[in-house]
Amino acid sequence: MNTALVLIDIQNDYFPNGRMPLEKSTEAALKAQEVLQAYRARELNVIHVQHISTRPDAVHFLPCTKGAEFHPHVQPLKNEVIVKKHYPNAFKDTPLLNQLIKHKVNHLVIAGMMTHLCIDATVRAAYDLGFACTLLHDACATKNLEFNNMIIPAQSVHNAFVAALQPLYANVISEKEFLQHLGHRTPIGA
């Protein structure tokens, strides 16, 4: 399997002091950083996805702001691909699919922000496009949601969306489990 690590929206606005801080964003970014370092050490494909808001009412990820920049834990290197997006689905109106085809990638390892929106949309789109997906559940973060005047805690939101993706759309595992597989070169899901 030819694999790529896809880090989605790990940007400053999702961290403490950002415009839309998420629950456990720092912890998730540190786990993503560990996987990123492992991919770099093995010279495997890495793709950084960056959301840039274009909606007139947007309050975060505004163009040319510090909040839209990648978080220091996962700063791209010069040789790593950066895909800019304007929608939750990282494939919609972006060069992501072309990049994956160019590098003959058929397996995506996905981590990032927000579990209930961009992670969910991208994993489902990747599956529909024929990619095998591994989702690193503890290298993702989200926020509290509200429905029908009821607050749904971030951890419940995260768990529900991750549960809905497994097993059809993605093999959902922890960062530690993934690194163990990678260290032993065991195919994910084997």
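# Exercises on a predicted model

Aspartate 57 is exposed, and arginine 55 is exposed as well. The model is a predicted one, and the exercises below work through its salt bridges, its sheet and its helices.

## Exercise 1: Salt bridges

State how the side chains of aspartate 57 and arginine 55 meet, and then set out which residues are joined into one network by salt bridges that share partners.

Solution. Begin with the pair named at the outset: the side chains of aspartate 57 and arginine 55 form a salt bridge, with 3.1 Å from N to O. Next, Lys31, Asp138 and Glu175 are joined into one network by salt bridges that share partners. Finally, the structure as a whole holds 7 salt bridges.

## Exercise 2: Links between parts of the chain

Which parts of the structure does the pair of aspartate 9 and lysine 85 tie together, and are these two residues buried or exposed?

Solution. The first step is the contact itself, a salt bridge between the side chains of aspartate 9 and lysine 85 at 2.9 Å, N to O. The second step is to place the partners: because aspartate 9 lies in the loop between strand 1 (3–8) and helix 1, while lysine 85 lies in strand 3, the pair ties together parts that are 76 residues apart in sequence. The third step is accessibility, and here both aspartate 9 and lysine 85 are buried.

Now treat glutamate 80 and arginine 40 in the same manner, giving the relative accessible area of glutamate 80 and of arginine 40.

Solution. Glutamate 80 and arginine 40 form a salt bridge in which the closest N and O atoms are 2.6 Å apart. Glutamate 80 sits in the loop between strand 2 and strand 3 and arginine 40 in helix 1, so this pair ties together parts that are 40 residues apart in sequence. With a relative accessible area of 10%, glutamate 80 falls under the 20% cut-off and is therefore buried. Arginine 40, at 26%, lies between the cut-offs of 20% and 50%, and so counts as partly exposed.

## Exercise 3: The sheet

In what order do the 6 strands of the open sheet stand, and which are the edge strands?

Solution. The order is 3-2-1-4-5-8, and the pairing is parallel. Strand 3 (81–85) and strand 8 (171–173) are the edge strands, since each pairs on one side only. From one strand to the next, the twist averages 25°.

The pairings can then be followed across the sheet. Strand 2 (residues 45–51) pairs with strand 3 in the parallel sense over 5 bridges, and histidine 51 stands opposite lysine 85 in strand 3. Strand 4 (residues 107–113) runs parallel to strand 5 and is joined to it by 6 bridges, with cysteine 140 in strand 5 as the bridge partner of glycine 112. Strand 5 pairs in turn with strand 8 over 3 bridges, again in the parallel sense. Strand 5 is mostly covered, as 7 of its 10 residues are buried.

## Exercise 4: The helices

What distance should the 17 residues of helix 1 (residues 25–41) span at 1.5 Å a residue?

Solution. The expected span is 24 Å, and the end C-alpha atoms are 24 Å apart, which agrees. Among the buried residues of helix 1 are Ala28, Ala32, Val35 and Tyr39. An α-helix has 3.6 residues a turn, so residues three or four places apart point the same way. Just after helix 1, glutamate 43 takes a positive phi of about 55°.

Note on methods: Residues are numbered from 1 along each chain as its sequence is written. This is a predicted model: local features need pLDDT of at least 70, side-chain atom pairs count only at pLDDT 80 or more; totals for chains, interfaces and linings use all residues. Side-chain values use heavy atoms; hydrogens and water are left out. Two strands pair if DSSP finds at least two bridges between them. Helices (H or I, at least four residues) and strands (E, at least two) are DSSP runs, numbered from the N terminus. Axes are lines fitted to C-alpha atoms, for helices over the stretch in contact, and angles run from 0 to 180 degrees between N-to-C directions. The expected span of a helix is 1.5 Å times one less than its number of residues. Buried means under 20% relative accessible area, exposed over 50%, partly exposed in between (1.4 Å probe, protein chains only). A salt bridge is a side-chain nitrogen of Lys or Arg within 4 Å of a carboxyl oxygen of Asp or Glu.
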